[in-house]
Amino acid sequence: MKLTKANKVKLLMTALLVAASLVMMMTKTSREDLLPAEEPDAKENSPETFYDQEKAQETKEVKWPKAMEVPAEAKGKEELLLKRDGFWISYNKDRKIPNWVAWHLTAAHSRGNNQRDDMVFMEDSEVPYPRAVDDDYYGSHYDRGHMCPAGDNKWDRRALTQSFKFSNICPQNHSLNKGDWNDLEIQCRYWAREMGDIYIVTGPVFYDGVKKTIGKNKVAVPDAFFKVILCDNGKAKAIGFVYPNRGGHKDMKEYVMSVDEIERITGIDFFPKLEDKLEEQLESATKDNMVKQWKVYLYKPHDYDPSTDK
């Protein structure tokens, strides 16, 4: 079939249009290849998201420890279990402080060559945001009070460093922190040396919920602090203490309280690994019996040297 001149022109125009379309499509694809990738949602890269992803993997493997010092798992209470080299923490993300801290203090761990002079308080990256930071304490008139003392972790530098994370810290009255509470911490180290080892659980007391917070992260200020101690070497014995979060000084025996009573005010079940009958006997001991058994009235031995327990 012989094409007319007009048909040849039409075919040429059609070919040019097809070629132009192909060029435009190729150009658009090239330009898209050169464009930067779309930014992901900022929330996907947030610390909170990374924390949630990591913890989701970790919590699948967490089992409640069978260690003697660890209280029973809480029911109906905010609780995140953290393991440190020298202690366990039950952390409360709503209050930004621990529910309790527990450890096994041996005679060997009551001393150590590591010193706290170059230690700094730090955020705990294992707990969710918002969380306590140094700024929360500035101008608050509260000390950064250790629950597991630095003095109980001088046996290992990493253990000592971990004791300065804010998951182990509560807002504490300065006079209490440097005075009567410090005396009890020192006494515990002497008991560990005398008895070979002891089990300790300590933490905050809130009598009627949180009444006060500090800092932008709203760190809860406790009404008081408890400490319960167990020795199961020889004839087992236990003792409890509650210290109001305020200044002043009293004899150590004035702070003594039965473990049963501390369980009542905190809702924590201490030393659940004990045989039931023995647990009931130890935790219901009277104040006078506890003072006598633990020789609380001799709370500073004759060889006491404060320079070794700073």
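A residue counts as buried when its relative accessible area is under 20%, as exposed when that area is over 50%, and as partly exposed in between. With these limits in mind, the reader may turn to Asp 94: its relative accessibility is 48%, so Asp 94 counts as partly exposed. The structure under discussion is a predicted model, and every value in this account is computed from it.

Asp 94 also introduces the topic of charge pairing. Side chains of opposite charge can pair when their charged atoms come close. Asp 94 does so with Lys 93, in a salt bridge whose closest N and O atoms are 3.7 Å apart. Lys 93, at 39% relative accessibility, counts as partly exposed too. A search of the whole structure finds 10 salt bridges, and two further examples deserve attention.

One of them brings together the side chains of Arg 84 and Glu 126, with a distance of 3.3 Å from N to O. This pair connects distant parts of the chain, since the two residues are 42 residues apart. Arg 84 belongs to the loop between strand E1 (80-83) and strand E2 (88-92), while Glu 126 belongs to the loop between strand E3 (97-106) and helix H3 (134-137). Are these two partners buried or exposed? Arg 84 has a relative accessible area of 3%, and it is therefore buried. Glu 126, by contrast, reaches 31% and is partly exposed. The pair also takes part in a wider arrangement, for Arg 84, Asp 124 and Glu 126 are linked in a network of salt bridges.

The loop that holds Glu 126 contains another feature. Pro 130 is found in this loop between E3 and H3, and a cis peptide bond joins Tyr 129 to Pro 130, with omega at about -10 degrees.

The other example of a salt bridge joins the side chains of Asp 152 and Arg 189, at 2.7 Å from N to O. Here again distant parts of the chain are linked: Asp 152 is in the loop between strand E4 (143-146) and helix H4 (157-162), Arg 189 is in helix H6, and the two are 37 residues apart. Both Asp 152 and Arg 189 are buried.

Arg 189 leads to helix H6 itself, which covers residues 180-195. What span should its 16 residues have? At 1.5 Å a residue, the expected span is 22 Å, because the rise is multiplied by one less than the number of residues. The end C-alpha atoms of H6 are 22 Å apart, so the model agrees with the expectation. Most of this helix is covered, as 14 of its 16 residues are buried. Just after H6 comes Gly 196, which takes a positive phi of about 100 degrees.

The end of H6 also has a partner elsewhere in the chain. Met 195 and Cys 231 are 36 residues apart in sequence, and their C-alpha atoms are 7.5 Å apart in space. Cys 231 lies in strand E9 (residues 224-231). With a relative accessible area of 1%, Cys 231 is buried.

A further contrast between sequence and space is given by Pro 272 and Pro 71. These residues are 201 residues apart along the chain, yet 6.3 Å separates their C-alpha atoms. Pro 272 lies in the loop between helix H7 (259-266) and H8, and it is partly exposed, with a relative accessible area of 25%.

The surface also carries two groups of like charge. Asp 260, Glu 275, Asp 276 and Glu 280 gather in a patch of negative charge. Glu 280, one of these residues, is found in helix H8 (residues 276-283); its relative accessible area of 58% makes it exposed. A patch of positive charge on the surface is formed by Arg 246, Lys 250, Lys 253 and Lys 287. Among them, Lys 287 lies in helix H9 (residues 287-294) and is partly exposed at 35%.

Finally, the backbone shows positive phi values in residues other than glycine. Lys 96 has a phi near 65 degrees and is found in the loop between E2 and E3; at 10% relative accessibility, Lys 96 counts as buried. Lys 295 has a positive phi of about 50 degrees, although it is not a glycine. This residue lies in the segment after H9 and is partly exposed, with a relative accessible area of 42%.

Notes
Residues numbered from 1 in each chain as written. Predicted model: local features only at pLDDT ≥ 70, side-chain atom pairs only at ≥ 80, totals over all residues. Heavy atoms only, no water. Patch = residues over 30% accessible without salt bridge, like charges linked within 9 Å, V, L, I, M, F, W, Y side chains within 5 Å. Areas by Shrake-Rupley, 256 points an atom, 1.4 Å probe, with all protein chains shown as cover. Salt bridge = Lys/Arg side-chain N within 4 Å of Asp/Glu carboxyl O. Lys, Arg positive; Asp, Glu negative; His and termini not counted. Charge placed at Lys NZ, Arg CZ, Asp CG, Glu CD. Helix = DSSP H or I, 4+ residues; strand = E, 2+ residues; numbered from the N terminus. Buried < 20%, exposed > 50% of the residue type's maximum accessible area, 1.4 Å probe, protein only.
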